[in-house]
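User: Please walk me through the packing in this structure. I would like short questions with short answers.

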Amino acid sequence: MEELDGEPIVTLIPGVDSKKQMCFDWGPGELLVCETSFHKKGKSETVPGCPFIYIVRKDVDVYSHILRKLFNESHGIFVGLQRIEELTGKSRKAQLVRVSKNYRSVIRACMEEMHQAAIAAKDSTSSRQFSSQVSILSAMELIWNLCEILFIEVAPAGPLLLLLLDWVRLHVCEVDSILADVLGSENPSKHESFWDSVTRLVLQGRLDEARQMLSKEADASPTSAGMCRILGDLMRTMPVLSPGNTQTLTELELKWQHWHEECERHLQDGTFVSSPHLESLCKIMLGDEAALLEQKNLLSNWYHFLVTRLLYSHPTVKPIDLHFYAQSSLDLFLGAKSRPEPLDNILMAAFEFDIHQVIKECSIAFSNWWFVAHLTDLLDHCKLLQSHNLYFGSNMREFLLLEYASGLFSHHSLWQLGVDYFDYCPELGRVSLELHIERIPLSTEQKALKVLRICEQRQMTEQVRSICKILAMKAVRNNRLGSALSWSIRAKDAAFATLVSDRFLMDYCERGCFSDLDLIDNLGPAMMLSDRLTFLGKYREFHRLYGDKRFVDAASLLLSLMTSQIAPRSFWMTLLTDALPLLEQKQVIFSAEQTYELLRCLEDLTSGRPEQGEPDQQLQDDDIEATKVEMLRLSLARNLARAIIKEGSLEGS
């Protein structure tokens, strides 16, 4: 196994005594922690401890309403990325670059909103939190942009420097606000930040704008006009490989060498000796390291220093040589006294083209898995991670996506995004989704239906049954029998369907009518799920036939329910009582044979002889039941006599 890079960070929980033994329990996205009454040595204590149970969450960023927009927007980009497999060649590369830019635009939009929130914050604590998030998002976009240039664009020598210049200009943008202040003043050349703004423009390779600024100095100071014109010409003639230019690198290097010699000649001839500012600018354009380091406060960071140094010293730098210049620039800029920050290590790993180290350092530096999961997925689509499998099974892409999706499932609404991330993890995604979806609290029926739909779309049979059972139990507890029966049928749970059917029958016995008639009337083939459910459906059908005055059909159905043993024995008396109105009809409904069957059922019920394991119902001890029995016997005897006479007269005729 790989060794840890360092000790894990200790999380301090306020109010908890670290000397006491702690009790904890892991959850999918959080940890429950509380004090116990035991000392670490095992001795019991009577001193009162902390009375609270603390929840320690590993991914708190999902609870930020601004970052939730980042998660939502990037989800759509992620899903779209999974569907571009059919593209090949240049079109595929262009599509991947476009996807990368889309991710970066989402980060920048979120960063801007976070910045506005920091400005509008009413208290300093909130403002600091928002500002901290702005810094993190800015670092994310900086790293992603560099990875896009080096790993996705894969720019060759020449265009590489142009992309790096754009990278620096995008992330070192304070020069624009300073420039606006200078140009907005009455006399720009006399502004205290005039030369700083010109120097910043030169450091960023924005030489056309620097020339325009120098023209203002020339207009305001005739003594330096000549020097400004010469330096301006040097800026204008500097060879640059533009995107549409067809010149070769060799031609560019030759032109650049001639231009460089001309700049050096002017410096040696003392052309700018009377103007320290112009002389300093000329030294910068010559790539003089000492002159560049003198502007350390204007460069602000080592990677700006690196790109400026390359622009004026090695404009045709090859990607393979980048890490040499990056390391020396870092050492020169920081000096011996300063140590690199985590961001410096990440950028250095990128310049060394060590993708796995970039991902590793980012995983340690950032507080959530969003960045590394999406960047790794994109790089994997660029076929850059195919050979790197982790020692514990899944590849790096899948591992990071699983971690990110697990974090989403700890949120009450973002879990729906996590489903798609699990879907696109071919090895362990299905198993992880099954484990996580079972833990979603089904707080409302609408949420339960969403979860159910997701499970049904993926043929997750066990999870469908489990969810339906949970909802059926909730419905029973709330006495919503129709809903409970519907969920138990959907779960195909025969035992629970039997239980709910019994509740329906009990409810009928108490109230004399059925609730949820629409559901019972439309059971269809579902009534075959259990015998009790079949009986409930058929018994309701008996009532419907009786209501339609189809007495003969109703009588046959009622008798079949009893003789087929499908009716619970406890319900026989109700069925026999339902037969009374049919027995008392003017016309004979029950035949003699049917009447004998009813008499046999009545005798079985009253004889105290249990039928196939059902408990004896001791009906004789109840006066009301005894009265019912006598009425039934009398009605059955009368009906038997009428039936025999009717059947005998029919035979005689």
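The turns below cover the core, the aromatic pairs and one helix contact.

User: What kind of model is this, and how are residues numbered?

Analyst: This is a predicted model, where local features need pLDDT of at least 70, side-chain atom pairs count only at pLDDT 80 or more, and totals for chains, interfaces and linings use all residues. Side-chain values use heavy atoms, without hydrogens and water, and residues are numbered from 1 along each chain as its sequence is written.

User: Which helix gives the most to the largest nonpolar core?

Analyst: A nonpolar core is a set of buried Ala, Val, Leu, Ile, Met, Phe, Trp, Tyr and Cys residues joined through side-chain atoms within 4.5 Å. Buried means under 20% relative accessible area, exposed over 50%, partly exposed in between (1.4 Å probe, protein chains only). The largest such core has 187 residues, and W167, L231, W302, F351, W370 and F371 have the most contacts inside it. Helices are DSSP runs (H or I, at least four residues), numbered from the N terminus; the top contributor, with 13 residues, is helix 3 (residues 124-153).

User: Which residues does F351 touch, leaving aside neighbours within four places in sequence?

Analyst: Contact means heavy atoms within 4.5 Å. By that rule, F351 is in contact with L146, L150, L164, W167, W302, L306, L322, H323 and A326.

User: How many aromatic pairs are there?

Analyst: Rings of Phe, Tyr and Trp (its six-membered ring) pair if their centres lie within 6.5 Å. Planes under 30 degrees apart count as stacked, over 60 as edge-to-face and the rest as tilted. The count comes to 19.

User: Are the rings of W144 and W370 stacked, edge-to-face or tilted?

Analyst: W144 is in helix 3 and W370 in helix 17 (residues 370-381), 226 residues apart. Both are buried. Their ring centres are 6.1 Å apart and their planes are at 35°, so the pair is tilted.

User: What is the angle between the planes of F409 and W415?

Analyst: Both F409 and W415 are buried. Their ring centres lie 6.3 Å apart, and the pair is tilted because the planes are at 50°.

User: At what angle do helix 28 and helix 29 pack?

Analyst: W572, M573 and L576 of helix 28 meet L598, C601, L602, D604 and L605 of helix 29. Axes are lines fitted to C-alpha atoms, for helices over the stretch in contact, and angles run from 0 to 180 degrees between N-to-C directions. Helix 28 (residues 572-583) and helix 29 (residues 592-606) have axes 11 Å apart and pack at about 145°.

User: Is T606 buried or exposed?

Analyst: T606 is found in helix 29. Its relative accessible area is 10%, so T606 is buried.

Definitions and conventions: Helices (H or I, at least four residues) and strands (E, at least two) are DSSP runs, numbered from the N terminus.
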